[in-house]
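Let's take a walk through this structure together, one region at a time. Keep the 3D view open and turn it as you read.

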Amino acid sequence: MAIKNADRNFIERVFEEAYQKGLSAAPSGHKADYIPELAKADENAFGICAMDKNGEFVGIGDIDTRFSMQSISKVLTLSAAIEIMGFDEVFSNVMFEPSGDGFNSIVKLDTVSNLPYNPMINAGAIQIASMLADNVSFDNLLDFAREFCHDSKIELNEPVYRSECETGDRNRAIAYLLKSKGVLKTDIEKTCDLYFKMCSLNVTARSLAGMGLIISNDGVNPFTERRYISHENVRTLKSIMFSCGMYDRSGEFSVKVGVPAKSGVGGGIVCAARGPLGIGIYGPALDCKGNSAAGVAAMEHISSSLNLHIFD
C-alpha cells in the first residue's frame with residue numbers, strides 16, 4: 001500500500017479512527033513501573049504514523065515524543081548480528097521458536113532448552129548482545145540505529161540506562177544462567193551493559209516508521225538505495241517478528257493484525273507492512289503482556305481497514 005494523493009483522505013480517516021480507538025483502549029493499560037524511569041511517562045500520550053517508499057507520511061498525535069526503544073532494539077541487534085556473523089552462527093546460539101512465556105521468563109531456559117527460544121525475548125536478546133559485544137562497539141550500533149530509523153537525533157537516554165542498570169538483576173540472572181550452560185561466552189557485565197544501552201536508545205514513533213519502512217522494503221532504504229540487510233536475512237527477521245515480536249500475545253496479534261511487528265515496554269511498536277509501508281506507534285500504557293494497549297487496538301483497525309494482513 002502506498003500513500004497516494006487519491007487515497008490520502010481515506011487513509012487519514014482510517015488513522016484518525018485508529019487513533020480514537022487507541023485512546024479508548026489506553027485506560028485499560030498501565031505504565032511499566034519496574035523500571036523507575038519508565039514510570040515517569042505520560043500514560044495518556046499516544047501517536048501513530050506511517051511512511052511509504054515515496055516519502056509520503058501520515059501522522060497523528062504524539063509522533064515526535066522521545067521514549068526508549070526497550071525491546072524494539074532487539075530488531076536492531078538481531079539485524080546486526082545476522083549480517084555480521086551470518087545465519088548459521090547466530091541460530092546455533094538462539095532458536096526461533098515462540099516461547100509462550102513472558103518476555104523475561106527463565107522457565108524454559110532452565111527446564112527445557114539450553115538455548116533461548118528466540119531473539120525477541122530477553123534471554124535471546126542477551127545472548128545476541130553477548131555475540132555482538134566482542135565484535136562491534138555501542139557507538140557503531142548507535143550509528144546503525146540512526147541510519148536504520150532515518151533519525152540522526154537518536155541518543156542514549158542516560159536516566160533510563162542508569163535505571164536499567166540499577167534494576168536489571170533479572171536480566172543479569174538470565175545472563176548468568178546462560179553462562180552456566182556454556183552458551184554465553186562473553187563477559188557478563190560487558191554483555192548486560194550493551195543490552196541495557198540498546199534498550200535505552202531514545203526514539204519516536206516517526207523513527208519507528210522509518211525503521212519499519214526499511215524492513216518492509218526488503219532491507220533497503222528507498223531514499224538512498226542503500227541496503228542494510230540482505231534479502232535472506234530480512235525474510236528471517238520478518239518471520240521472527242511475525243511469530244515472536246509481540247511477546248506472548250504474538251499469536252493473537254498475527255491472527256488479528258497479520259503484520260510483522262515488534263513491541264517494547266517503553267510503549268513503542270514498529271510494524272513492517274506490505275506496500276512497502278512502515279508504521280510506528282507510541283503509547284506507554286501497556287496491556288498485561290507488555291504491549292502498548294492503544295497501539296494494539298489501533299493496529300487492528302488499521303490492518304483491517306487497509307487490508308494489510310499478509311494473508312489477505
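Start with two helices, α2 (residues 73-85) and α6 (residues 138-148), whose axes come within 11 Å and cross at roughly 110°. Angles of 65 to 115 degrees count as roughly perpendicular, so α2 is roughly perpendicular to α6. Bear in mind that you are looking at a predicted model.

Which residues make the contact between α2 and α6? On the α2 side they are Leu76, Ser79 and Ala80, while α6 brings Leu141, Phe144, Ala145 and Phe148. Sorted by class, the contact has 6 nonpolar residues and 1 polar residue, with no charged residues.

Now step back along the chain to the loop between β3 (67-68) and α2, where you will find Ile72. Is Ile72 buried or exposed? Ile72 has a relative accessible area of 0%, and since buried means under 20%, Ile72 is buried. Leaving aside residues up to four places away in sequence, Ile72 touches Leu208, Met211, Lys262, Ser263, Gly264, Gly268, Ile269 and Val270. For another distance to try in your viewer, pick the C-alpha atoms of Ile72 and Ser28: they are separated by 22 Å, and the two residues are 44 residues apart along the chain.

Next, have a look at the sheet. Here 5 strands form an open sheet, in the order β2-β1-β7-β6-β5, and the pairing is antiparallel. At the edges are β2 (57-61) and β5 (261-263), each of which pairs on one side only. Between neighbouring strands of this sheet the average turn is 10°, direction ignored. As a general reminder, strands of a sheet pair through backbone hydrogen bonds, either parallel or antiparallel. To see one pairing in detail, zoom in on β1 (residues 47-52), which pairs with β2 in the antiparallel sense over 5 bridges. One place to look is Gly47, whose bridge partner in β2 is Gly61.

Finally, the cysteines. How many disulfides does the structure hold? The count is 0. Cys49 is in no disulfide, and its nearest cysteine sulfur, that of Cys271, is 10 Å away. A disulfide needs two cysteine sulfur atoms within 2.5 Å, so a separation of 10 Å leaves Cys49 and Cys271 unpaired with each other. Cys49 is also buried, with a relative accessible area of 0%. Cys192 is likewise in no disulfide; the nearest cysteine sulfur belongs to Cys165, 9.0 Å away. With a relative accessibility of 1%, Cys192 counts as buried.

Definitions and conventions: Residues numbered from 1 in each chain as written. Predicted model: local features only at pLDDT ≥ 70, side-chain atom pairs only at ≥ 80, totals over all residues. Heavy atoms only, no water. Pairing = 2+ DSSP bridges. Helix = DSSP H or I, 4+ residues; strand = E, 2+ residues; numbered from the N terminus. Axes fitted to C-alpha atoms, helices over the stretch in contact; angles between N-to-C directions. Parallel < 35°, antiparallel > 145°, perpendicular 65-115°, else oblique. Contact = heavy atoms within 4.5 Å. Nonpolar A, V, L, I, M, F, W, Y, C, P; charged D, E, K, R; others polar. Buried < 20%, exposed > 50% of the residue type's maximum accessible area, 1.4 Å probe, protein only.
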